[in-house]
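Hi,

Here is the structure I promised to pass along. Have a look at it first, and then read my notes underneath.

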Amino acid sequence: MDTLSYKTVSANKATVDKQWLLVDAEGEILGRLASKVAKLLRGKHKPNFTPHVDCGDNVVIINAEKITLTGNKWEDKTYTRYTGYPGGQRSRTAQEILERNPARLVEKSIKGMLPKNRLGAELFRNLKVYVGTEHNQEAQKPTAINLKDLK
């Protein structure tokens, strides 16, 4: 006799309901924005979350240049990269990255909060970051979401 009245449902690529979400980054703190957007990209806010499947939403971020950092992080926070050559370690402050490409600063912080594997790379492709209020995803009709409402 089967006493279990429910089954565990695992999502797969065919059963996932992906939506397009629009996030306005104006006045948002970078780390808090990144953690909430990473949760949306991963799909952890959905009841049918499955760890090994891309069940998250597509996220469009606008006004990337208007994010904020607390404290002295604009000058103190450094991003280090390595060219591959001896003595090729380069570093830039958050302020320098914001002046060159504000979208890259937001992308870097969100990418760091995603899994470091093929699934994480696939999830990162669902993120679009734009400087300013114009974006190229009008055809997808993204729904605006307020990050303050998310946990």
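Below is what I found, starting with the sheet and ending with the pocket.

This is a predicted model, with local features needing pLDDT of at least 70 and side-chain atom pairs counting only at pLDDT 80 or more, while totals for chains, interfaces and linings use all residues. Residues are numbered from 1 along each chain as its sequence is written, and side-chain values use heavy atoms, with hydrogens and water left out.

An open sheet is built from 4 strands with parallel pairing, in the order E5-E2-E1-E6. (Strands are DSSP runs of E with at least two residues, helices are runs of H or I with at least four, and both are numbered from the N terminus; two strands pair if DSSP finds at least two bridges between them.) E5 (127-129) and E6 (143-144) are the edge strands, each with a single partner, so one side of each has no neighbour in the sheet. E2 (residues 58-62) is joined to E5 by 3 bridges, and Val59 sits opposite Leu127 in E5.

Elsewhere, E3 (residues 78-82) and E4 (residues 89-93) run antiparallel, joined by 5 bridges. Thr78 has Thr93 in E4 as its bridge partner. The two strands form a hairpin with 6 residues between them, and Gly84 in the turn has a positive phi of about 105°.

Finally, E3, E4, helix H3 (94-100) and H4 each supply at least two residues of the lining of the largest pocket. By type, that lining divides into 2 nonpolar, 3 polar and 6 charged residues. (A pocket is an open set of points on a 1 Å grid where a 1.4 Å probe fits, with protein on both sides within 12 Å along at least five of seven lines; lining residues have an atom within 4 Å of a point. Asp, Glu, Lys and Arg count as charged.)
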